[in-house]
Every structure is written in C-alpha cells, then in structure tokens.
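Work through the exercises below with the structure open beside you. Each task is followed by a solution in steps.

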Amino acid sequence: MAAARLTPNGVAAALAGDTNLKPVVQIVELRGVNVNGAGVARSDRFRAVVSDGASTSSALFAAQLSDLARSGVLRHGCIVQLVDYVINDVGPRRIIVILNLEVLVSECEIIGNPKMLSETGFPDPNLSRVEQFNGAPQYGLMAVNSSNTTTRPSDNVSVFQSSMAGNSSNIATRPSDKIPVFQPTVQPSYCPAPNYKNHGTIMKNEAPARIIPISALNPYQGRWAIKARVTAKGDIRRYHNAKGDGKVFSFDLLDSDGGEIRVTCFNALLDRFYEVVEVGKVYVVSRGNLRPAQKNYNHLNNEWEILLENGSTVDLCPDEDGSIPSQRFDFRPINEIEDAQNNAILDIIGVVTSVNPCTTIQRKNGMETQKRTMNLKDMSGRSVEVTMWGDFCNREGSQLQEMVECGVFPVLAVKAGKVNDFSGKSVGTISSTQLFINPDFAEAHSLRQWFDSGGRDASTQSISRDITPAASRNDVRKTVTQIKDESLGMGDRPDWVTVKATVIFFKSESFCYTACPNMIGDRQCNKKVTKGSTGNWCCDRCDKEFDDCDYRYLLQLQIQDHSGTTWVTAFQEAGQELLGCSARELYTLKERGDPRFGDTMLDCLFQDYLLRLKVKEETYGDERRVKITVAKVERVDPSGESKYLLDLISGSSALY
C-alpha cells in the first residue's frame, strides 16, 4: 500500500532559507482570514499551520490558492508538496508564503507529535538534517514498509495531542488504514544552505528578493520583487492638506502572467522615480509597501497597490522581455454598455464615425476645461458617445477630427473609460484613460475589415440620448427669439445652440475682473481677488496674498438677429476671440486712456458671428432666470454659411 512520506525536518529547512527543497508537509490547521479587516465573513486569504511530523510553522496561501481551500481540496489533515514558496519575516516571527503546491493525500490523520518552532521562526541548531536517500531528500510516494524513517527529539511535547493520538510515525495514512508504528532513527544535524554559511546567527534573510508574479503579492511578504512593463504613467498631481503641500504620481504595471498593479510615489520619491519610469519599458520593482487599493481612483483588477518607500528600488531591465505584453485589454461590445453600472470602468473599441468641435466649459469649482465628443460604432449594431476631457481634446481629439474630416474613419481603442448614465449611456475619459488610434492587434484589424466591407453603411442604434449623429448639439441652429419661445435651458441639463447674430453693445466699464494667479495643481485658481490694506491682492479661496493679479474677461454684451435681441455673458476665451487681445492688455489701454481701447471695442460691433451658446436656468436669490453664456465665437464663413442655407432649402423642399 502506498502513502506520502513527510520530508523530515522540512519545516526547519524551509524557514532557514532553503526555497529549493520542495518539502512534503501536512496541514494540521486551516482557517480563513480577511486581509482588509472588514470582517471574517469573506475569506480573502487562508492561513495554515504546516507540519513535517516533528515541527510546525505558520503558513499563508497566496491568493491564487484560495479557491482550493474554499472548495475543500485543501483541508485539515491533507498532505501537500510545496512546489513554490517564499519566506517572510512578520514582526519577530517567520512564516512560509505558499505560492504553488501539489496535493498528495487529501485526507489523513495527524502524523507524528509536531512541535511549534520558536517565536523567531528559526530552527533549533540541534534539529536534525533532512534525511537523505541515495543523495536526495525523502519525499513523494514511498512504500509503507520502508526502513528509512526519522526520529523526533524525545522532549517534544505535542500541541495537537488530542488529534494525534495513535499515529506517531511520519508516514501518511488514511484514518481507516492500519499501519505499524515505526521507531525513528537519529539523523545528522541540519546545515544551512551554502549561501548562509559563516554569517553567525541568522537575523535576517540576506538572499536577494525573488521575482514573483504580481498575483502572488500580499502584505505579509517582507521581501519581494516583481518584473513588469509600465503600461500607463499618470501626470504629477499637486495637493494641499493639513500636513501642507504635496505632489504625487502613479504608474501601472503588467507582468507576463497578466497581473496588474498600480504603484504610487509621493514627494521626494516622485522626484527620484518620475523621470526613471517610461511607458512601455520593463522594470524590476522591489521593497514597496502594499496597501489596499483605493477603488475610487484605481480601476485595476487587483485588491492591492504599491506605495514606494525610501528603501524601494525601480531598476530598468536592459533586455526586452517579449513574454510581457505591452498592454492588456478587456474589450466590451458597445451593446453591453447599456447594462453597465454608472461609473463603471471598462475598455471599448470601435470605429470613429464623427468628431465634434472642442468647447470650453466651466466646472463647478469655477475652473475651465476643454470638452470634445465623438461617436463610436462597432459590430454589435450600437453606437455610443465618447466624451474627451482636458488634454485629450487637443491631443488625440484634434488628430481624430482631422482624420474624419478627410474621410478616414479610424479605429479607436479606449482603455479605462468611465461609464456615465446621465443621458442614456456614454463613455468619458478620466486621468488614467488611454486612447489608441488604429492600434495593431486582432480586434482592431477585424473591426476595420468589417467597416470597410459594409459596416460603414450598416444601421446602428445609439445608446446615448440626445445625440446628433452628424453634428454636435452645439450646432443646432436657433434664433434669438426661439431661445425664449421654446423655453430652452429650463430642463435638468443646459441646452447648447448656435446663433448667427451681431454684437450691438458692450458694457465697457466692467469688462474684466481681477483674478487669482495661484496655480492649484496644473490649473489656475481664477477666483476674484481684492486689494488689501497692505497693497497686495488677497484670495479668500487660497487664503494667500499676491503682489500682482491676473485679469480675465467677464463681458456683458447684447446680441441681435432678425428675430430680436438678448443679453449674453462671455468669459475669458470667448472674450479674446471677440476682441482679439487679452483682458490685461485691454485693461492697460483703458488705464492709460489710450484711444485704442475704444477702437478695439468698436471693431467687433455690428459684425456677424456664429455664437455657440450655453442656455441654463439659474437661481439668483429668490429669482430664477435663464442665463446665456457664450462658449465659442466664430466669424461667419461665407462659403460654409452658403452650404448650410442650401442644405436647409433642400431639406425644406423634401417636405413638400
């Protein structure tokens, strides 16, 4: 009859640093633990006590082995061979972190009379050396009548006495098997691996950190290293809190097993690593602090993220590792976005069918940003509106617009887009989003072939409401009177319209305001500042004083078309487009009494413009009124305007 033989003194050898031993041990205790402290109902990891028949040690299973414990494959009493493991120091103790194993016997009585090693986790120097058989350690499947057995010290006291009675050998047996008790023989003392000779008392594992998969990382590891490719690198973000000002940046890593994790650096470590890290290159990262991932900002499929510390290292691998992919995608068809939750982060790929002009909007915090929308369609028969924010508008957005206007409809892959359900379902960019134009991989080639072979003309249904396929909502033409007659701006969202009108009047006495010049992150504060008694400019928002201030347009102007007149407000960018100079320059001309001030104001009067207007009802005190803001100003192009009128006539003729 065959049974699995435990590796004599295998626990002591493993704890001493021999990670090539692959010992056969028995699980004498197994329990689930919750690594984030949120409770014990959800067992994210499993902790065990493993025995070699004489000694025991605490062990922790890596995440990829948790399913084996949940399913019952790993259980109390089973015998396993540790195929891959690392040794970690946790406070004064040393534990075995098991990365991979093989189950040899699924059910067995407790073998021997094992004793827990000292709290330091280091073996007693008098412990015997691993028994050799023909020059090799004894483990694996052995015959029951083997004469090669081991001896336990006579002073061993069992900490599992109640469950071990009647089975004192280190031969694995089933509860129903009748196996004679073998008398152990004395073994030679265990000697540490050659790399640790003549170092005196072992106080710390001095071996270089082993490269392990990202999926095997856990906070119980004291020494680790990962080899991975940088797939994304964030911009430097500045912040202010109770501890003062600071700065931070993050980058994402992908290894050959498909594991992903985010790495974050603050302040001095940012200065140390920001220029070192480059997207697309492979690095070995070690000695970081693992902490729970902040899922509000971290979309990667990993419950941990790495915080680099003073002792951390990020070393560039000089040789390219082709086993590590350049990027990992999990594409979702557009029709599945309809069922996605709001704020979900996902990857999509589609053909760009239209790109709308870039517009400037004002956020709730008073800061302005760029916005651009486009439409994507795929083989699922659906299309979706994708909104680009900030730098994406002028970088990838401008390139996409030029391609579409030239009749080239590119394939676009969106990595880490955010789902929005405010108006139907749409996808928007966030700081960690990446856009890939005409990427070189199978999904893109398949989509291109479909589009060129008939998909261009295939009918699609948009999952984004209020979308105009061929033009922006900002290009919906209205007259001044229609803004009031159609009650525009009275809904939950602002209405965007285009009006062809003439500027007939400016309020020249208050055309600008004094603005705060302080930079908050990569944005200017722009809040109104006042001059204090010290002669400096004071900002209530930043709680700072400045020697100088900025000047920004706040124009109140009256526009007119053939149907009527109305008042509108133009801020910085729209004001510069109208007047052709900055607010500071115009303010200087006014202060000097320069006649060019009046000429500049008069030059833009009674000229035809295409004004993109944001119409929204707002509350001032107890009064509700519609506010109209100029988002963009364009001179009327006679050729383009003629085409618009001809299309309008053709459309009207078709109705009769």
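## Exercise 1: a threonine and its contacts

Leaving aside neighbours within four places in sequence, Thr-629 is in contact with Thr-569, Phe-571, Arg-612, Leu-613 and Lys-614. The model is a predicted one.

Task: Place Thr-629 in its strand and decide whether Thr-629 is buried or exposed.

Solution.
- Step 1. Thr-629 belongs to strand β36, which covers residues 623-635.
- Step 2. The relative accessible area of Thr-629 is 15%. Buried means under 20%, so Thr-629 is buried.
- Step 3. Two of the contacts of Thr-629, Arg-612 and Leu-613, return in later exercises.

## Exercise 2: the barrel

Task: Give the order of the strands in the barrel, then find what packs on this sheet.

Solution.
- Step 1. The barrel is closed by five strands, ordered β25-β33-β34-β36-β35, with mixed pairing.
- Step 2. On average, neighbouring strands of this sheet are turned by 55° against each other, direction ignored.
- Step 3. Take one pair: β25 and strand β33 (residues 555-561) are antiparallel and share four bridges. Here Val-503 stands opposite Ile-559 in β33.
- Step 4. The element packing on the sheet is helix α10 (residues 572-579), which touches β25, β33, β34 (564-570), β35 and β36. The direction of α10 makes about 50° with that of β36.

## Exercise 3: the nonpolar cores

Task: Name the residues with the most contacts inside the largest nonpolar core, and the strand that gives the most to this core.

Solution.
- Step 1. The largest nonpolar core holds 43 residues, and those with the most contacts inside it are Phe-506, Leu-557, Leu-579, Leu-586 and Leu-613.
- Step 2. The strand that gives the most to this core is β25 (residues 495-506), with five residues.
- Step 3. Look at Leu-557: beyond four places in sequence, Leu-557 touches Val-503, Phe-505, Phe-506, Thr-566, Trp-567, Val-568, Ala-570 and Leu-578.
- Step 4. There is also a second, separate core of 34 residues, with Ile-334, Met-374, Cys-393 and Trp-450 among them.

## Exercise 4: salt bridges

Task: How many salt bridges does a search of the whole structure find? Describe the pair Glu-634 and Arg-612, then the pair Asp-548 and Arg-584.

Solution.
- Step 1. The search of the whole structure gives 20 salt bridges.
- Step 2. In the salt bridge between Glu-634 and Arg-612, the closest N and O atoms are 2.6 Å apart. This pair links distant parts of the chain, with Glu-634 in strand β36 and Arg-612 in strand β35 (residues 608-620), 22 residues apart.
- Step 3. Compare the accessibility of the two partners. Glu-634 has a relative accessible area of 27% and is partly exposed, whereas Arg-612, at 8%, is buried.
- Step 4. Asp-548 and Arg-584 form a salt bridge through their side chains, at 3.8 Å from N to O. This pair also joins distant parts of the chain: Asp-548 is in the loop between β31 (544-546) and β32 (550-553), while Arg-584 is in helix α11 (residues 583-592), 36 residues away.
- Step 5. Asp-548 is partly exposed at 41% relative accessibility, and Arg-584 is partly exposed at 33%.
- Step 6. Salt bridges can also form a network, as with Glu-260, Arg-328, Asp-347 and Lys-415.

## Exercise 5: the three-stranded sheet

Task: Which strands are the edge strands of the open sheet?

Solution.
- Step 1. The open sheet has three strands in the order β29-β30-β31, paired antiparallel.
- Step 2. β29 (530-531) and β31 each pair on one side only, so they are the edge strands.
- Step 3. Strand β30 (residues 537-539) is joined to β31 by three bridges, and Cys-539 stands opposite Lys-544 in β31.

## Exercise 6: a histidine

Task: Is His-240 buried or exposed, and which side chain does His-240 join in a polar contact?

Solution.
- Step 1. His-240 is part of strand β12 (residues 237-241).
- Step 2. The relative accessibility of His-240 is 63%. Exposed means over 50%, so His-240 counts as exposed.
- Step 3. The side chains of His-240 and Asp-245 are joined by a polar contact of 2.5 Å.
- Step 4. His-240 and Ile-520 are 280 residues apart along the chain, and their C-alpha atoms are separated by 8.8 Å.

Conventions: Residues numbered from 1 in each chain as written. Predicted model: local features only at pLDDT ≥ 70, side-chain atom pairs only at ≥ 80, totals over all residues. Heavy atoms only, no water. Core = buried A, V, L, I, M, F, W, Y, C linked by side-chain atoms within 4.5 Å. Buried < 20%, exposed > 50% of the residue type's maximum accessible area, 1.4 Å probe, protein only. Helix = DSSP H or I, 4+ residues; strand = E, 2+ residues; numbered from the N terminus. Contact = heavy atoms within 4.5 Å. Salt bridge = Lys/Arg side-chain N within 4 Å of Asp/Glu carboxyl O. Pairing = 2+ DSSP bridges. Axes fitted to C-alpha atoms, helices over the stretch in contact; angles between N-to-C directions. Polar contact = N/O pair within 3.5 Å; in protein donor to acceptor, adjacent residues only side chain to side chain.
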